[in-house]
Amino acid sequence: MKRRILVPLAAVCAVLAVTTSAGADTGTAAAGAGAGAPNDGWEPAPSPSWSHPAGARCDFAVQGSPLVDEVVRRTLATYEDGTKVVEYKGDLVVRVVNSATGASYDADASGRAVVEIRPDRSQSWYVVGPILAGFGEGGGNVPRGLYTVDGAYTLTVSPTGYKTLTQLHGSTESLCEKVG
């Protein structure tokens, strides 16, 4: 049986806007649910610390570590071919540091996303709100760098890792410039 996932960005945005109330979503499993409600499959999705050498994302070595990490995920669908559709939500603030100078910036990456993850390692992200995204030289339709991407957008990743950012509405802010 052939399966197609067509998730119009406007529909995802509408669902996410309805399920997130301003200031009330703590990113916990029971967020927005009544007392004693089941967690609906939400589980912690901790974000690891990371680092990139000079030239990989920024002209200088850069590293990041979560300061606040309340991200949770739940699997919405799993298909016979191994494709999974996973939803992510929760507060995430990452301290981005210029390894040479110690200059830092605390980046909000608390966006909400539905991600289709395929066995060939390709992915399609449907996002509302901010995330951190890194692009290597020639690795996407955005120049090499590390960015906070905010708004309503899609991010596709090919099996080779090439990233394509398509913004419906929003902004892209260079974190290399913030800590450079």
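A polar contact is here a pair of N or O atoms within 3.5 Å, and with that cut-off in mind the tour of this predicted model can begin at a serine that makes two such contacts through its side chain.

**Stop 1: serine 122**

Select serine 122, which sits in the loop between strand E8 (112-117) and strand E9 (123-128). Show its side chain together with that of aspartate 120, and you will find the two joined by a polar contact of 2.5 Å. Then add arginine 118, whose side chain makes a polar contact with the side chain of serine 122 at 2.8 Å. Is serine 122 buried or exposed? Its relative accessible area is 5%, and because buried means under 20%, serine 122 counts as buried. To see what surrounds serine 122, display Glu116, Ile117, Val157, Ser158 and Pro159, which it touches when residues up to four places away in sequence are left out.

**Stop 2: from E8 to E5 and E4**

Glutamate 116, one of the residues that serine 122 touches, leads on to the next selection. In strand E8, glutamate 116 is the bridge partner of valine 85, and E5 and E8 run antiparallel, joined by 5 bridges. Now extend the selection to strand E4 (residues 72-78) and strand E5 (residues 84-89), which pair in the antiparallel sense over 6 bridges. One place to look along this pairing is valine 72, whose bridge partner in E5 is lysine 89. E4 and E5 form a hairpin with 5 residues between them, and in the turn glycine 82 has a positive phi of about 95°.

**Stop 3: the open sheet**

Next, colour strands E2, E3, E6 and E7, which make up an open sheet of 4 strands in the order E2-E3-E6-E7, with antiparallel pairing. Strand E2 (50-52) and strand E7 (104-108) are the edge strands, each pairing on one side only. From one strand to the next, the twist averages 25°. At the E2 edge, follow the pairing with strand E3 (residues 62-69), which is antiparallel and extends over 3 bridges; there, serine 51 stands opposite glutamine 63 in E3.

**Stop 4: the disulfide**

Between these two strands, which residue should be selected for the disulfide with cysteine 176? Choose cysteine 58, and you will see its sulfur atom 2.0 Å from that of cysteine 176. The link is left-handed, with -80° about the S-S bond. Cysteine 58 lies in the loop between E2 and E3 whereas cysteine 176 lies in helix H2 (residues 175-179), so the pair ties together parts that are 118 residues apart in sequence. Cysteine 58 is buried at 1% relative accessibility, and cysteine 176 is also buried, with a relative accessible area of 11%. Besides Cys176, the residues that cysteine 58 touches include Pro53, Arg144 and Leu146, not counting residues up to four places away in sequence.

**Stop 5: the two cores**

Keep cysteine 58 selected and add Phe60, Val62, Val96 and Leu146: these five have the most contacts inside the largest nonpolar core, which has 14 residues. Strand E6 (92-98) and helix H2 each supply at least two residues of this core. As a general background, nonpolar side chains tend to be buried together in soluble globular proteins. For the last selection, move to Ile131, Val142, Tyr153 and Leu165, which are among the 12 residues of a second, separate core.

Conventions
Residues are numbered from 1 along each chain as its sequence is written. This is a predicted model: local features need pLDDT of at least 70, side-chain atom pairs count only at pLDDT 80 or more; totals for chains, interfaces and linings use all residues. Side-chain values use heavy atoms; hydrogens and water are left out. Two strands pair if DSSP finds at least two bridges between them. Axes are lines fitted to C-alpha atoms, for helices over the stretch in contact, and angles run from 0 to 180 degrees between N-to-C directions. A disulfide is a pair of cysteine sulfur atoms within 2.5 Å. Buried means under 20% relative accessible area, exposed over 50%, partly exposed in between (1.4 Å probe, protein chains only). A nonpolar core is a set of buried Ala, Val, Leu, Ile, Met, Phe, Trp, Tyr and Cys residues joined through side-chain atoms within 4.5 Å. Contact means heavy atoms within 4.5 Å. A polar contact is a pair of N or O atoms within 3.5 Å; within protein, one must be able to donate a hydrogen and the other to accept it, and residues adjacent in sequence count only if both atoms are side-chain atoms.
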